[in-house]
Structure formats: structure tokens, C-alpha cells
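The exercises below ask you to read a fold from its overall dimensions down to single elements. Try each task with the structure in view before you turn to its solution.

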Amino acid sequence: MSDRKIFSVVGIFDSAQHLMNAIPDIRKRVNAPLEAYTPYPVEGLDKLLGHRKSPVGGMVLVMGIIGALSALGFELWTSGRDYPQVTAGKPLFSWEAFVPIMFEVTVLFAAFTAGLGMLLLLNRLPMFRHPMLRSSSLPLVTRDRFALAVEARGAEIDVEKITRLLQEFGAKSVEVVEEPAPAGVASPKFFLRTLTAIGIVCILAGFITYWTMKLFPIVKPMVHMLDQPRLNPQSPSRYFSDGSGMRMPVSGTVARGSVPYTIRNQELAGDLVNPLYRTETVLRQGRQAYMNNCSVCHGVLGDGKTSLTKAYGAKPANLVSQSIAGLPDGKLYHVIVAGKNAMASYSAELGEDERWATVHYLRVLQRAANARDEDIPK
Amino acid sequence: MKSGSTLTTAESTLQLLKPPSVVTGHLTIGGLDDQVLTPVGTKPPLAWFVAFSVTLSATLIGIALIAYTIATGIGVWGNNVPVAWAFDIINFVFWVGIGHAGTLISAILLLFRARWRNAISRFSEAMTIFAVICATLFPLIHVGRPWLAFWLAPYPNQRAIWPNFRSPLLWDVFAVNTYFLVSLLFWYIGLIPDLASLRDRTTNRVKKAVYTVLALGWRGASLHWHHYERAYLIIAGLATGLVLSVHSVVSFDFAVSLVPGWHMTIFPPYFVTGAIFAGFAMVVMAMVVVRKTMRLENLITDYHLEVMNKVILTCSCLMGYAYLLEGFTAWYSMNPYIHHTFMQYITGSYWWAGWLTITCNVLIPQLLWLRPIRRSYSGMILVAVAVTVGMWFERFVIIVSSLHQDFLPSSWQIYKPTFVDYGILLGSFGLFFTLVLLFARVLPVIATSEMKMVLPGSQPAHKGGRHE
């Protein structure tokens, strides 16, 4: 016998009846915790060993209720509030239609609580280093024998007395089970080996995925709607006689909203008149256009101070300054169309109406930046 | 196979009423392990390889045709408006139904304390899992772009949209996935003690490592069994609700729509019964083969087969009632559309499918009233095959016959499946039996710890057990 600590003394019995007969007698004579090992659940054994009622039921009840409420809450929130869509004429908070999924989620939560709660929390499995797993008694137990273990749990126990007792009360053989030698899983070598193995698996998986995608490009991942039959700009087409996919407009016509802008000079543009009235709709349209296209450089207030300015060292104009506020509408319009200094043309991004609406909105910003006392509503 | 006793005294009648033993012959607890666990992981016989090559070929045909479908588009199938659902959904409902027997046997019969379930529960639970795998395949390929199927999951996304929780199709996604996960959990928890037995038996190092990890270090402590039994019972109770809900939800796919022939309140119980019916037929077929080839006649006894056949007979009568009630609803509702659809079932373009369904599901199983047929291999195989065919055609009738003549006569069409449809159906059968064959060789087909529990003399109450 080595000098390792003793975990338990295990007696092997031939039948469940023998085991259960022995337990009360041994309990009377030995003041140490008892545990039985059986190949299948034996009726009445848990009571005899004094196990308390299993708490699985309570755990399942709580988690089942949580599952039901979270499913119902989630469905009500997504379908009634975050993404309110009327389907089949049902009201938004149609809880009846949410019952099936609520039920399924409840069962899912409850069943996994029962299963994993029992395995992981109550039984503390997986456990590969329990001393019993190394004993020669366990193969007998998982087959057809019944073991009674008198456990030391750190304390000293009288091995010889217990051995004698177990044999006296019907144990066919007795084994002394020792605590396992320490270390093993937590050693640096083990970690290094595990990490290396994981690394190799990752690299292999990466290469396999890469070459599979490359060699068998049947399923292109994530192309979604990019991949469809269509003509891209500048791409050829055999449909038209000139071989080009792009068409010229019919000669002598102008598309709506695309009247060519012919003014070359900002000075000459001063005479242009804003064709839009200052209605609320127009101002909203102008704000939208300004926010989407201009605010990134000129700032949401039009003062030319944004984080982007700092990052690129550019100096966009302060649109609410007196000099720009004094310019006529046409000159502002010209800058949007033709660009100025570092600013490029925005004629592709903004249609004619949007440019004029933006000009109107600029006036709003300028007025707001230079507000007077009379502007405050009474 | 002894014929029934002809004794008529009161005592012998009582003797007949007592449930027979769950095993025949003398069997010790250790002997059970030797019988069930020894063949696990050994080299299979030649017949196994022959069967495996057949099922694997069928699977490969299915895989090739699924690849063809995905590469080309689901236009290669016969489905077209108005028959937008056809083989894909028929097969889906068919396979989900097959799965139901496993959960019924493992969960509901556990709650009823039917001890005969212990011998067949493991195998039928495995069949449940394989059948649900086959089933989920079909909606997945029917969406056309299966790699986008994750859109069905409610996850926060850039598009800021959520799935429609009021749609029965989404209920189905949740129901079938929950069913699969819970069945898998139930099956695995049942396997743990057996895996521990395998771990302690095997001498092969690789196998020992695999079984050690899978058994999670199970050591059969009484405290563990105490929690284990409680959890197992609770999961069984939950799975009972689940098995009733899953096929009900599948039936909602039809019943919640407005198609005549689908929009009926009888659908949920009608579908659940049909599912159990088809599932038991499949279990009987598999059990006959398993007990014969793996020499388990003493564990899966004639009594087991007879009880399962009685369940099939009961379900058959219920199915007959459901069919009659469909006709009654068509007549009593005085709704011309339902009437038209019902007449389509029995006299329309697909009349042969309607009558095949009634013959296979209602008429042929009536043979099981006769005890010799309940106990003869050829008799029960005939009925089981008939039920499998009949239940497949029942879904064909429900789906295709109802859809092919919709509200707009100008769009009426005759549905014709293509070779791809047939090939993928063949492939799903191949996949199912491939998985069953693999399972039969690498894991114990009988839940040994559950069987040990009910062997004579295993519990202390039975004084003077066989181990004296």
C-alpha cells in the first residue's frame, strides 16, 4: 500500500438486497459518510442513504416560467413594438398567435434545465478524476454488482475495522480506493499540447475551407442579390447593334429633372432665382439633403467644424458666416453644382429640386446662427 | 410462438390478465450486458455491409440530386403553382411523423409505467432523431437558398426586421428544432449509463477514450441515480407535451390556411394519430429485423411485437374515424368548396391515391384483430409496409389533391413529380437507414440500465432474486 491518502473503502455485494441489508448495520457501527454504487437505480436506496428530495423539479419550474415569459415578452416586443407589422388582419398584440412558440421555448428551457442541471450542477459531471473511476470495483458496478463505499472525505478512517465490518455484513470482496496523484490536467505541458492541437486544427480547417471554396465554387457564400443577370455600366451587350450596353438619349430630348446646367461662372449664376417656395416640405427635403451630403464636412450647424476637418486638415467654408450669408441663392446653387476649391461637384448626388431645397435650408441655418431677439417667438 | 391458452377457469383468466414477463428465458443482469454490449463496435457481418452499401448508394443519389437542385434551382422539381407544395412537404410531414413513435415509446409509456417499453425505447428514440434529421432536410432545400435559412432565426440584424411570429411556418421551425434538441438530450441522458458500461468493458484504447469522454465519468453513485431518475421523469413529462404539440404545429401549417380540405379543426389530433401510426409501423419493421439479425428474441419478445401491433390497430381505427369525419364535414358544412375538395380525394384526378390511403391505413391493418397475424412476421411486416405506404400517400392526398384545383379554375394543374423528386425521396430513406445501420453497430440498441431495472430479481422488493 502506498502512502497516498485513502479516499474510501469499498465493499462489493452480489445483489441489491444484500447491499440494502448491510447499510443500516454498517451505519450504526461506522461514523463516516456512506455512498452506494449500483448498475441501475435501486428502489428505496436513496431513502436508506438519506438523500434529500432532488431539487430538479423546482429548478425546472423556475426555468420553465422564465422560458415562457421571455418567449412571450420577446414575441410581443418584436411583433408588436419593434417591428409592428399587421399580418392576416390580426392586432399587433395578438398573444394567441404567440402561444405555440411560447410553449416550445418553455419546453426547451425546462428540458435542458432538467438534463443539464442534473448532469452539470447536481451530479457535477463531467468528472474524470474521481477516485472511483480508477478503482477495480467500478467495472463490476457498471456490469452487475453493488458497491458500498465508506468514505474518508479527508479524515482518517480505520481501514481494517471497516474491511472486517463490510465482510461481516455480506461483502464478497473489499477494495481500498486511494486519492489520485495530483497534477495531470493543469500542467503546463498539457496546456501547451492542447493549444498546439487546437492551433493545428484551426489552420487545417482554414485551408480546407479555402480550397473547398476555391476548387468547388458551386455555392458562392453571401453573394445574395449581387449575382443576377443584368448589365453593369459600360459593359458590352450583343443585343444592340453597336455592341454597347449603354444607350444615348433619343436625340433632341431632355429627361425630366436633367436640364443641362450651362453656366460656367459663379458670378453669372447670381441671377438665378430659386424656383421653390419656402414650404415646410421643401425645408424638410433640404435638411435631409444637407444632412446626407453636406453635414459631414460643413457640420450639422453649417459652421464648418467637424471631426472630419481635423482628421484631413481641410478647411470647409463656414456657411453661416456673414460673407456667405450675403451671397444670392444662385451663387450658392452654383457651388453645389460645380464645386469649389477642394469641394467636388454634387450634381450627381442631388437632383435639381434637392439642390434648391438645400439652398433654402442653408438660409435657415444662417438665420439660426445669427438669431436676433425678435426671432424668439412671443 | 405458442397459440393462446384455452383454459377458462377464473384463475387462468387472472393469469392471462397479468402482464407477461418482459424477457423470455433465463437472463442475469451481467448476461444482459454480455448479450447487448458485446457486439457493439465489433466487425459487422457480411449482411450488414450489403445493407449498408445499398442504403449508402441511395443516400448518395439523394445528395447528388440535392446538389443538382441547389445548383440549378427548385424548378427541377415538379412543383408549380397551384401545387407549390408537393414532395418536399409530403416527405417533411412523413418523416416528422415517423419520429413520433420514438418519443411516445420513450416518454409517454414511461409515464404510464409500461415496462415493455424499456426494451425498445433506445432503438425507437434513435429512429426519432434520424427521422427528424431527414425531415428537417426538406424544408431546408425547399427554401431554395439553404445557406440563408438562418434568416428564420430571430437574431438582431442590419435589416432591422424580425421573423413573423404569427406564422405557422415559423411555429414549425421552433417546434421541430425543439423536438430535435429535446429528443437528442433525452436519448443522450439515457445513453450515459450504458456508455459507462461500455467504457468499463472495452480493452481497446481508442474506444475506451471515446466512451470515457461520452460517459462524462458516470460512476453509478446512488446520489447520481437519485437526481438522474427525477430529471429523466421530468424530461419524459415535458416530451409528452412536446410530442403532442409538434405534429399539431405541423398540422397548423395546413389548418391555419384557407385552403378547402386543410382548414379544419380536426387536423391536429388527426395528424398526431397519423404520426404515431406511421412511427409504430416503422418501429415494428425495424424491430423485426433487429431481433432477428442481432439475436435479441429473448429481449424483444413476441409480446412486445404484439403490443405494438395493438397500438397500430388502435391508431388505424382512429384514422378511419378521421377520414369519415372529413367526409362528414364536407357534407354537413354545406360548403361547396370543401365538398368539391373531398370529392376530389375519392373521385378526382388522384382518386387512386385516396383509395390507396384508405386501403392501406384503414382496411389492411384490420387484419391485426386476428391474434395469429399479430404474432406472425409476414403478417406484421405486410401491415407495417402498408401503413408506411398509406401514410405517405395520405399526405400526398392532403397536399396535392387539395392544391391542384384551387379557387381559380383557369389555374388548375395536374402535378407530376420529376425524377429529382423521386431521387430525393429515395435519398431520404437511404439516409435514415444508413444512420440506423451505423447506430446499430456503434451504440447499444437496447437500454441496458433500463432493462436491468425491470429484470426479475433486480429490485430488493423481489425477495430471493436470481443472484442468491
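**Exercise 1: Overall form of chain A**

Work out from the burial of its residues, its extent and its contacts how chain A is built, bearing in mind that the model is predicted.

Solution. Begin with burial: buried residues account for 27% of the 378 residues in chain A. Next, set the radius of gyration against the globule rule, under which a compact globule of 378 residues would come near 21 Å, whereas chain A has 41 Å. The C-alpha trace of chain A, taken along its principal axes, spans about 120 × 65 × 50 Å. Then turn to the contacts, where, among those in chain A between residues at least 6 apart in sequence, 72% join residues at least 24 apart. Finally, take stock of the secondary structure of chain A, which comprises 14 helices and four strands.

**Exercise 2: The sheet of chain A**

Determine the order of the strands in the sheet of chain A, and explain why one side of each edge strand has no neighbour there.

Solution. First trace the order, which in chain A runs S2-S3-S1-S4, in an open sheet of four strands with antiparallel pairing. Strand S2 (34-37) and strand S4 (173-178) of chain A lie at the edges and have a single partner strand each, so one side of each is left without a neighbour in the sheet. Neighbouring strands of this sheet are turned against each other by 25 degrees on average, if direction is ignored.

Now take one pair in detail: strand S1 (residues 6-13) and strand S3 (residues 146-151) of chain A are joined in the antiparallel sense over six bridges, and Gly11(A) stands opposite Leu148(A) in S3(A). Helix H7 (residues 159-168) of chain A packs on the sheet, where it touches S1, S3 and S4 of chain A, and its direction makes about 15 degrees with that of S1(A).

**Exercise 3: A helix of chain B**

Identify which residues of helix H7 (residues 205-215) of chain B are buried, and establish how they are arranged around the helix.

Solution. Start by listing the buried residues of H7(B), which are Tyr211(B), Thr212(B) and Ala215(B). Viewed down the axis of H7(B), these buried residues fall within an arc of 105 degrees, and therefore they line one face of the helix. Val206(B) and Ala209(B), by contrast, are exposed on the other side of H7(B). The next step is to find the packing partner of the buried residues of H7(B), which is helix H6 (168-201) of chain B. Lastly, look just past the helix: H7(B) is followed by Leu216(B), which has a positive phi, near 60 degrees.

Note on methods. Residues numbered from 1 in each chain as written. Chains lettered and ligands numbered in written order. Predicted model: local features only at pLDDT ≥ 70, side-chain atom pairs only at ≥ 80, totals over all residues. Helix = DSSP H or I, 4+ residues; strand = E, 2+ residues; numbered from the N terminus. Rg over C-alpha atoms; globule rule 2.2 N^0.38 Å. Buried ≥ 20, exposed ≤ 12 C-beta atoms within 10 Å, placed from the backbone. Contact = placed C-beta atoms within 7 Å. Arc of directions from axis to C-beta. Pairing = 2+ DSSP bridges. Axes fitted to C-alpha atoms, helices over the stretch in contact; angles between N-to-C directions.
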